[in-house]
Amino acid sequence: MKVGADYLGDGVCNFTVWGPNLNTVAVEIISPHPRLLPMEKLGAYWQVASTDIEPGTLYLYKLNNSESRPDPASNFQPYGVHSFSQVINHSFAWSDDHWSGVCLETMIIYELHVGTFTPDGTFKAIIPRLADLRDLGINAIEIMPVAQFPGDRNWGYDGVYPFAVQNSYGSPDEFKQLVNACHQQGIAVILDVVYNHFGPEGNYTSRFATYSTETYRTPWGNAINFDDAHSYDVRQFFIQNALYWLGKFHIDALRLDAVHAIYDFGAKHFLAELAENVAVVSQQWGRKLYLIAESDLNDPKIIRPHRLGGYGIDAQWSDDFHHSLYTLLTGDRSGYYQDFGWCEHLAKAYQDTFVYDWKYSNFRQRFHGNYTGDRPPYQFIVAIQNHDQIGNRVLGERLSQIVNFECLKLAAGAVLLSPYIPLLFMGEEYGEDSPFIYFVSHSDPDLIAAVREGRKQEFFAFHSQGQPPDPESADTFNNCKLNWQKRQSGKHQVLWRFYQQLIQLRRQNPALLQQQRQNLQVKFQEKNQLISWLKSTPNYQIFCVMNFNTCDVTFSQEFAGNNWVKILDSASKNWLGSGSQLPETAEYHQQLTIPKQSFTVYEQYLEQKSRS
């Protein structure tokens with residue numbers, strides 16, 4: 001069944017809702033011509049077709065001749081989570097007919113939050129900034145969840161209407177305008193979707209059917225019912241939702257939030273069924289559509305193909321890379337960072353992706369993770385900053401507020417030259433110093449109090465002192481908005497150009513384009529806090545050494561042959577560094593002194609050697 005209000009044109013609209021235990025259901029038309037449309041029960045669903053419904057019509061469902069509730073599959077909630085649903089005409093003048101997408105292997109992802117990315121905080125306001133992102137080298141933006149949430153400010157993970165775009169961000173058409181503009185700029189769109197829970201305010205799904213289950217609990221409440229009684233229709237609801245975003249809005253990929261909180265112990269996991277459905281649509285459209293998972297499990301089964309017993313998801317985030325890099329840069333060992341902090345960890349993250357691949361975790365007090373060696377690096381997304389890692393700090397400080405300028409460049413190089421798919425968080429590229437703090441705008445005083453207390457409790461594991469900013473305050477939200485103009489001057493402009501240079505290097509260097517694990521050799525010196533890696537192709541090699549020490553370090557390096565040329569040095573004065581004595585060319589055995597908290601890259605083109 002195609003749930004929701006399906007507008008077919010010429011005033012024809014089909015209304016369908018799942019309600020297996022309801023006695024009566026009717027569509028209550030609120031405007032423009034108030035009336036009641038009794039629905040017919042078809043199995044577990046209720047349905048009615050009307051020939052005099054126009055786009056913009058406001059409606060509710062009247063359940064059992066008593067309460068009236070919004071549509072769980074509403075396409076738009078113009079007045080918020082507690083009010084009327086609206087019929088939407090999804091026809092749109094797309095101009096992306098020749099759009100073929102961006103291959104996962106080549107993605108440079110830029111995560112953004114609609115409400116804080118611009119002063120206006122809308123879909124339309126993002127469009128003028130796309131050219132700047134393209135000039136930086138970004139070819140994919142990842143938009144934090146836009147499904148309707150309570151109030152007008154939220155990270156998006158409290159959504160309660162998975163099919164409806166957030167009314168404070170703009171209309172469905174305006175979201176399509178953004179996607180269309182991205183494709184015109186050569187930028188793919190990844191949409192963050194939440195299939196593990198509903199938000200705590202405005203969720204009326206329990207009035208209709210068993211969308212949730214008490215069998216499992218998530219950190220955010222009851223889990224979605226993916227394997228309990230009546231779960232088939234719940235699974236179809238969310239599969240239909242995924243195809244809705246990919247189809248109606250031309251989204252290129254979905255980022256699946258916290259899949260470790262999707263509880264499904266059936267023979268075919270929901271993620272596997274979702275991947276099968278998306279694969280069919282991809283084949284029909286002749287364009288690859290991607291699914292990217294966020295997971296706390298360190299389990300490559302999520303991204304293994306179905307034939308190998310996996311779920312067939314295309315890629316997943318790797319927090320181990322972030323934690324390894326972050327602890328080396330900051331010295332932070334609180335909370336889950338206690339499992340990291342050595343060069344050995346980052347070296348392993350480079351080589352094997354997961355540091356904890358069935359190794360004992362002191363933080364978890366158990367063995368954690370599994371081996372990833374059979375999966376290519378381009379199936380993993382890595383970052384030094386994202387919404388969670390910044391928001392997990394009491395004051396929501398970005399890296400620019402925690403480490404010096406040299407470390408910002410070092411962090412950028414570690415991520416963008418890694419063998420994995422890099423993700424930047426909005427503003428990172430120019431050293432934005434506004435915070436990114438958790439913010440909400442609920443209407444229930446008890447819920448507001450609970451959220452405030454929850455934030456305090458969340459930071460106990462990090463031994464944090466002081467009170468976190470009030471998540472309900474409008475000032476908290478407004479303080480998180482980007483100072484976009486900063487990228488045009490001073491050290492912010494230099495850092496922006498440095499990111500641009502790194503992205504160009506990543507996209508043009510033959511060795512960096514080769515993403516097989518066997519092409520990478522990683523070494524580390526724990527005492528000196530050095531990590532180096534070498535990537536090779538038959539005709540090309542690239543070597544990088546990173547110094548995480550607070551002192552200059554002299555070391556011996558064996559170069560294979562000659563013709564090694566330095567192509568990037570973060571300590572160069574061009575990048576506001578202190579200057580570097582590293583030679584412009586290197587060969588065979590060399591003693592090198594690398595400045596503190598910097599990295600250097602050398603390349604060797606082997607065909608030059610064969611011709612000389």
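Is helix α8 largely enclosed by the rest of the structure or largely open, and how many of its residues are buried? The points below take up this helix and then other parts of the model, which is a predicted one.

1. Helix α8 spans residues 343-352, and 7 of its 10 residues are buried, so α8 is largely enclosed by the rest of the structure. The buried residues are C343, H345, L346, A347, K348, A349 and Y350. Besides nonpolar residues such as L346, the list thus includes H345 and K348.

2. Several elements surround α8. Its buried residues pack against two helices, α7 and α10, and against the strands β20 (359-361), β24 (520-525), β25 (530-537) and β26 (540-547). Just after α8 comes T353, whose phi is positive, at about 75 degrees.

3. The two helices named in point 2 also pack against each other. Helix α7 covers residues 319-330 and helix α10 covers residues 405-416; their axes are 11 Å apart and the packing angle is about 155 degrees. Angles over 145 degrees count as roughly antiparallel, and that makes α7 roughly antiparallel to α10. The crossing of α7 past α10 is right-handed.

4. Which residues make the contact between α7 and α10? From α7 come F321, L325 and L329, and from α10 come C407, L410, A411, A414 and V415. By class, this contact has 8 nonpolar residues, with no polar and no charged ones. In soluble globular proteins, nonpolar side chains tend to be buried together.

5. Helix α10 has another helical partner in α13 (residues 490-508). The axes of α10 and α13 come within 10 Å and cross at roughly 20 degrees. Angles under 35 degrees count as roughly parallel, and that makes α10 roughly parallel to α13. Here too the crossing is right-handed, with α10 passing α13.

6. On the α10 side, the contact with α13 is made by F405, L408, K409, A412, G413, V415 and L416. The α13 side supplies K491, V494, L495, F498, Y499, L502, I503 and R506. Sorted by class, there are 11 nonpolar, 1 polar and 3 charged residues in this contact. V415 of α10 takes part in the contact with α13 and also in the contact with α7.

7. The largest nonpolar core of the model has 162 residues. Within this core, the residues with the most contacts are F15, F175, Y195, W245 and L254. Its largest share, 9 residues, comes from α10. There is also a second, separate core of 17 residues, which includes L104, I292, W317 and A383.

8. Y195 can serve as an example from the largest core. Residues up to four places away in sequence aside, Y195 touches I224, F226, F238, N241, A242, W245, L254, L256, I262, F270 and L274. W245 and L254, among these partners, are themselves listed with the most contacts inside the core.

9. Two glycines in loops are worth checking. G19 sits in the loop between β2 (12-18) and β3 (25-31), and at 0% relative accessibility G19 is buried. Its contacts, leaving aside neighbours within four places in sequence, are K41, A44, W46 and F208. G19 and W46 are 27 residues apart in sequence, with 6.8 Å between their C-alpha atoms.

10. The other glycine is G170, in the loop between β13 (161-165) and α4 (172-184). Is G170 buried or exposed? G170 has a relative accessible area of 10%, so it is buried. Not counting residues up to four places away in sequence, G170 touches F76, F123 and V165. From G170 to L63 there are 107 residues in sequence and 30 Å in space, C-alpha to C-alpha.

11. The last point concerns backbone geometry. Most residues other than glycine have a negative phi, and most peptide bonds are trans. The bond from S31 to P32 is cis, with omega near 10 degrees, and P32 lies in the loop between β3 and β4 (35-38). H230 has a positive phi near 65 degrees; this residue is in the loop between β16 (221-224) and α5 (231-248) and counts as partly exposed, at 44% relative accessibility. H250 is in the loop between α5 and β17 (253-256), and its phi is likewise positive, at about 55 degrees.

Terms used. Residues numbered from 1 in each chain as written. Predicted model: local features only at pLDDT ≥ 70, side-chain atom pairs only at ≥ 80, totals over all residues. Heavy atoms only, no water. Axes fitted to C-alpha atoms, helices over the stretch in contact; angles between N-to-C directions. Helix = DSSP H or I, 4+ residues; strand = E, 2+ residues; numbered from the N terminus. Parallel < 35°, antiparallel > 145°, perpendicular 65-115°, else oblique. Left-handed = near helix turned anticlockwise from the far one by under 90°. Contact = heavy atoms within 4.5 Å. Nonpolar A, V, L, I, M, F, W, Y, C, P; charged D, E, K, R; others polar. Buried < 20%, exposed > 50% of the residue type's maximum accessible area, 1.4 Å probe, protein only. Core = buried A, V, L, I, M, F, W, Y, C linked by side-chain atoms within 4.5 Å.
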